[in-house]
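User: I've got a new structure to go through and I'd like to talk about its pockets to start with. Put it on screen, please.

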Amino acid sequence: MEIIRGTEALADLCARLSSAEFVTVDTEFMRETTFWPKLCLIQIASMDEAAIIDPMAEGLALDPLFALLADPGVMKVFHAARQDIEIFHHLSGNVPTPIFDTQVAAMVCGFGDSVAYDQIVQRVTGNIVDKSSRFTNWAERPLTDAQLTYALADVTHLRAVYVHLRDNLADKGRSDWVSEEMAMLASPDTYDLKPEDAWRRLKARARQPVELAVLQDIAALREREARERDVPRNRVMKDDVIYEIALQRPATPEALARLRSVGKGFERSRLGQAVVGAVNEALQRPANTLPTIPRKKPSIEGASSAVELMKVLLKLSAEAHGVAPKVIATVDDLEAIVAGNDAPALSGWRREVFGDAALKLRGGEIAIAFDGKRLTTIECDRPVNPVPAAGRNRRRRRKNAGEGASGVVDGGEAAANLSSG
């Protein structure tokens with residue numbers, strides 16, 4: 001087991017790996033007490049060798065590794081890549097390229113939603129990964145042999161998983177499907193989260209423009225403070241404090257001190273003074289410069305039931321194509337389709353797999369029916385017309401009187417579909 005602790009040794013390793021077709025990469029990090037992940041270990045492997053890099057070693061510069069990660073001629077393979085890429089982007093300013101996420105590829109290949117690394121390793125290779133060292137203290141030195149063995153296994157088994165998934169995608173003609181998914185992971189915008197957008201993480205909904213302005217400004221203030229001090233957001237200010245400040249809008253230190261969620265003496269701190277200043281700035285803004293309250297989309301009659309029906313169609317489509325439902329469409333996609341809006345599931349390969357059928361279901365061109373013991377989709381003789389509001393009561397009266405329901409078709413097979421209204 002090669003452990004790299006010096007810059008020269010790292011440069012030699014990266015020079016050898018630069019001739020490889022691909023390298024598998026993983027990291028171990030700690031984040032419980034910091035805003036930014038604290039990188040504790042880097043594992044990397046090609047088909048010919050594997051090594052562990054200790055980024056905490058004194059004097060080690062990671063520049064040779066960053067150059068390798070940016071080499072367009074070497075594929076960088078991760079499993080559940082986002083947090084690993086976030087670390088490298090923060091440290092180097094760049095996103096590794098090109099990249100391949102085996103978790104995403106596994107979903108496209110029918111391994112299920114967000115399959116765990118140890119599960120896919122066992123299914124592909126038959127090997128059982130020992131996860132007992134997963135939650136150990138990776139910042140403590142020296143690392144144990146068990147930790148190092150566990151860490152290295154995260155990239156050695158990944159080689160066989162990558163080859164299997166790559167070939168599987170090629171055989172099924174789905175390599176481009178994964179390439180579309182990688183575009184988001186490869187975009188720097190995915191990791192350049194601006195403090196001004198920090199309020200979007202919060203669950204509270206503002207009812208007035210000035211309340212939203214305060215919410216935005218205090219969330220941005222907390223975000224900048226957390227980054228500068230490198231501490232978790234809640235160590236700076238809990239979400240509940242932000243909600244109460246936005247609601248009460250304390251314009252003086254005394255008003256801030258009266259808030260139930262604020263700790264004793266907070267109003268006298270540097271951060272407390274900054275909060276009061278931010279509140280006053282928001283209160284003094286002209287009304288025409290205040291943010292607009294996002295309007296809740298008007299609900300469509302029967303929308304929740306329609307979304308549930310779309311979920312059934314999504315499951316049928318996923319099973320038919322051997323793809324995990326999660327990678328085809330989200331609940332937001334289904335809600336958008338039901339509402340007649342655009343959605344990612346209506347473009348690219350997703351439209352072929354699911355989107356076209358979803359639009360047909362919405363328009364009443366197909367229905368979901370029982371065929372023996374299984375569900376399937378059937379073509380409708382004619383689209384289901386929207387029922388005018390004035391006619392809904394008449395339809396209910398006919399249904400209550402025992403007349404046939406529109407969901408029964410062809411010899412009594414129970415079916416369901418959606419109108420386009």
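User: Which helices and strands each supply at least two residues of the lining of the second largest pocket?
Analyst: Strand 2, helix 3 (82-92), helix 5 (117-125) and helix 6 do. Helices (H or I, at least four residues) and strands (E, at least two) are DSSP runs, numbered from the N terminus. For a pocket, take a 1 Å grid over the protein atoms alone: it's an open set of points where a 1.4 Å probe fits, with protein on both sides within 12 Å along at least five of seven lines, and lining residues have an atom within 4 Å of a point.

User: Before we go on, what are we looking at, and what's been filtered?
Analyst: It's a predicted model, where local features need pLDDT of at least 70 and side-chain atom pairs count only at pLDDT 80 or more, while totals for chains, interfaces and linings use all residues. Numbering runs from 1 along each chain as its sequence is written, and side-chain values use heavy atoms, with hydrogens and water left out.

User: Back to that lining. Which element gives the largest share of it?
Analyst: Strand 2, with six residues.

User: And how much space lies in the second largest pocket?
Analyst: About 700 Å³. There are 24 lining residues, and T27, E28, F29, R134 and Y150 are the closest to the centre. On the volume: grid points are joined across faces, edges and corners, and the space filled by probe spheres set on them is what counts.

User: How does the lining split by class?
Analyst: Ten residues are nonpolar, five polar and nine charged. The nonpolar class is Ala, Val, Leu, Ile, Met, Phe, Trp, Tyr, Cys and Pro, the charged one is Asp, Glu, Lys and Arg, and the others, Gly among them, are polar.

User: Switching to rings. How many aromatic pairs does the structure hold?
Analyst: Five. Rings of Phe, Tyr and Trp (its six-membered ring) pair if their centres lie within 6.5 Å, and planes under 30 degrees apart are stacked, over 60 edge-to-face, the rest tilted.

User: Why is the F22 and Y162 pair put down as tilted?
Analyst: Because the planes are at 55 degrees, with the centres 4.6 Å apart. The pair links distant parts of the chain, with F22 in strand 2 (residues 22-30) and Y162 in helix 6 (residues 145-172), 140 residues apart.

User: Is F22 buried or exposed?
Analyst: Buried, at 3% relative accessibility, and Y162 is buried too, at 5%. The cut-offs are under 20% relative accessible area for buried, over 50% for exposed and partly exposed in between (1.4 Å probe, protein chains only).

User: What about W177 and W349?
Analyst: That pair is stacked, 4.3 Å centre to centre with 10 degrees between the planes. W177 is in helix 7 (residues 175-186) and W349 in helix 16 (residues 348-363), 172 residues apart. W177 counts as buried at 12% relative accessibility, and W349 is buried at 3%.

User: Which residues form one aromatic cluster?
Analyst: F22, F100 and Y162.

User: OK, on to the core. Which residues touch the most other members of the largest nonpolar core?
Analyst: I53, I328 and F354, out of 80 residues. Helix 13 (residues 303-321) gives the largest share, eight residues. Apart from this core lies another, of 32 residues, including A219 and L256. A nonpolar core here is a set of buried Ala, Val, Leu, Ile, Met, Phe, Trp, Tyr and Cys residues joined through side-chain atoms within 4.5 Å.

User: What is F354 in contact with?
Analyst: Leaving aside neighbours within four places in sequence, M310, L313, L314, S317, I328, A329, L334, I337 and A345. Contact means heavy atoms within 4.5 Å.

User: There's a serine in that list. Where is S317 found?
Analyst: In helix 13. S317 counts as buried at 7% relative accessibility, and beyond four places in sequence S317 touches V353 and F354.

User: Which residues of helix 10 are buried?
Analyst: V241, I242, E244, I245 and A246, in a helix that covers residues 239-248. They pack against helix 8, helix 11 (253-257) and helix 12 (270-283). Just after helix 10, R249 takes a positive phi of about 50 degrees.

User: Last one: how many helices and strands does the protein have?
Analyst: 17 helices and ten strands. Of the 421 residues, 43% count as buried.
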